[in-house]
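Student: Please take me through one loop in detail. Then show me how the rest of the fold packs.

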Amino acid sequence: MTNEVIFSKEQLDEIISDVADKLNARFENQTSIPVFISVLKGAEPFFNDLIKKCHFEMKIDFIQVSSYSGTSSTGVIHLKKDITEDIKGKDIYIVEDIIDTGLTLNYLKQYIQLHYQPRSITIVCLVDKKPLRKVDLTADIVGVTLAQNKFLVGYGFDYNEIGRNYDYIFVPTKKQLETWDKLLNSDK
């Protein structure tokens, strides 16, 4: 049984080009330097491919949070790495791989606003899974919206840190998950 491919490498490239086009249009007559913040680890492939297609000046930074265990969100958000750039009074763009419950991005948005007082916060995400939303949060720029609730792996999305390296997004089979669990347990 093969896994269900949700987005091929080629489809992802088209989606990212569309997001970059929207951002390039926003900065066509650039008057300030935005700070793009990648949410580690999941957004890293999307972030790297996206910024290469953006044709304006920017600064970049990274923040790391976690809220997942296995195939579901724990609902508890842990800040693992904070930003280092001074963003007070600046326009920032939080770049995330996926929004599902919205809890993580809601936390990040509030945390950054409270601790750093940027001028504005814009949320950019690759995949928006609206059926799982638990808070009132809307991304400003979305690559694609999924109506179905499927657990995704690949292109930064993971299962207990496995699978981020694939260059496409897919739904893992039960057998894949069992194999990955065996591999994970063998490391203990």
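Tutor: Start with a side chain reaching back to the backbone: a polar atom of the D86 side chain lies 3.2 Å from the backbone nitrogen of K88. That is a polar contact (N or O atoms within 3.5 Å, one able to donate a hydrogen and the other to accept it; residues adjacent in sequence count only if both atoms are side-chain atoms). This is a predicted model, where local features need pLDDT of at least 70 and side-chain atom pairs pLDDT 80 or more, while totals for chains, interfaces and linings use all residues. Numbering runs from 1 along each chain as its sequence is written, and side-chain values use heavy atoms, without hydrogens or water.

D86 sits in the loop between β4 (72–81) and β5 (91–99); strands are DSSP E runs of at least two residues, helices H or I runs of at least four, numbered from the N terminus. D86 is exposed, at 53% relative accessible area (exposed is over 50%, buried under 20%, partly exposed in between; 1.4 Å probe, protein chains only). Its C-alpha atom is 10.0 Å from that of Q117, 31 residues away along the chain.

Now the packing. The largest nonpolar core (buried Ala, Val, Leu, Ile, Met, Phe, Trp, Tyr and Cys joined through side-chain atoms within 4.5 Å) has 30 residues, and L23 and L50 touch the most other members. Among the elements giving two or more residues are α1 (9–26), α2 (44–52) and β5. α1 gives the most, six. Beyond four places in sequence, L50 contacts (heavy atoms within 4.5 Å) I16, V19, A20, L23, V95 and V124. A second, separate core of 20 residues includes V65, I83, I94 and Y116.
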